[in-house]
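This report concerns one residue and the pockets of a single model. The sequence and structure are shown first.

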Amino acid sequence: MKRSVMRWVAVGTMMLVCSMSSEAGAEPQRSQWYIGGGIGASWVHDMKEKGWNRDTYCSPRTCDDPGLSEDIEGIAIPGYRWNYDLDLDLGSAFEISLGRTFNRWRLEISAAQRKNDIDQQFTGSTYLDGRAPYQPSARNTVVSNSVSRIDDLTTRTLSLNVYYDFLDVFHPKVTPYLGVGLGVAFGEMSDVYYSTNYEDLADPSKDLSFYNSHKDADMWDTVVVGNFYVGTDYHLTDKILAGVKLTYSIMDDLEARAGYRDHPVHRENPDFRSNEHFSGPHQYSAMFTMKYMFGG
């Protein structure tokens, strides 16, 4: 997906340059440093989560095991796959920036953070080779009490941005602008939690704790991010500008590994991990901004 992000940024840059070439008027003379900041809200297009591990154990709901009286024998388990839909709530966003104007253009370095809570919805699971899981027989009285959740997604980005200011188009104090940016994003999924505990309803005293599992970890990845900006500034004074800024960001897919706190395989192999793949976030934000211009 990295090429896709860079391709979209390249297309946005070409469109930005082409749209500027038709603007009439004398070239203004600007050459100023500035610092800026913004705060507002962020939202994220729904994401997908895909995970897998090489757990070779059958659960007591599906496998023949001494004392469990199951009717399925000789099952070879290569591992498991699972899928979730991730619905992200409205969250927070803030940004700080340092830039310089070059007549109608601006070159800027910005650091931003966006944070959104996550609602995780299970959509299905298979064995690692794609086979559907075996279904327990009618005689099976074992139940699994499973809990799965992710607290939130936090993305921190560092970007190099280029803007074009439409100076003196509507009003001398009002400056609309367009921009594109390319950078790196540190994406963190906080508190990726999963636990399963087995119980035999026909014999609650039966000890099935060997099969129980527990995972609770933060997962992160560093990926490429492309940004597209549209906004407007209002000149409160010659040096202070207030405005509104909309941002659309495209990130590469996030991939990470996490260990288990408890798992049948983990007890034998402490390096046992689960692998998670999160579809690249498409993030939006709306922020109120302030800029301070240095020099004249």
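## Tyr 194 and its surroundings

In this predicted model, Tyr 194 belongs to strand β8, which spans residues 174-200. Its relative accessible area is 27%; because this value falls between the 20% limit for buried and the 50% limit for exposed residues, Tyr 194 is classed as partly exposed.

Leaving aside residues up to four places away in sequence, Tyr 194 touches Tyr 84, Ser 146, Val 147, Ser 148, Ser 213, His 214 and Lys 215. The C-alpha atoms of Tyr 194 and Arg 149 are 6.7 Å apart, although 45 residues separate the two along the chain. Within β8, the side chain of Tyr 194 also forms a polar contact of 2.5 Å with that of Thr 196.

## The largest pocket

The largest pocket encloses about 920 Å³ of space. It is lined by 36 residues, of which Tyr 80, Ser 125, Tyr 194, Thr 196 and Tyr 198 are the closest to its centre.

Strands β2 (47-53), β3 (80-88), β5 (105-127), β6 (142-149), β8 and β9 (213-235) each contribute at least two lining residues. Strand β8 gives the most, with 5 residues. By class, the lining comprises 18 nonpolar, 12 polar and 6 charged residues.

## The second largest pocket

The volume of the second largest pocket is about 340 Å³. Among its 19 lining residues, Arg 30, Gln 32, Pro 172, His 235 and Asp 238 are the closest to the centre.

Strands β9 and β13 (282-293) each supply at least two residues of this lining, which divides into 4 nonpolar, 7 polar and 8 charged residues.

How values were computed. Residues numbered from 1 in each chain as written. Predicted model: local features only at pLDDT ≥ 70, side-chain atom pairs only at ≥ 80, totals over all residues. Heavy atoms only, no water. Helix = DSSP H or I, 4+ residues; strand = E, 2+ residues; numbered from the N terminus. Buried < 20%, exposed > 50% of the residue type's maximum accessible area, 1.4 Å probe, protein only. Contact = heavy atoms within 4.5 Å. Polar contact = N/O pair within 3.5 Å; in protein donor to acceptor, adjacent residues only side chain to side chain. 1 Å grid on protein atoms, 1.4 Å probe; cavity = no way out; pocket = protein on both sides within 12 Å on 5 of 7 lines; lining within 4 Å. Points joined across faces, edges and corners; volume = space filled by probe spheres on them. Nonpolar A, V, L, I, M, F, W, Y, C, P; charged D, E, K, R; others polar.
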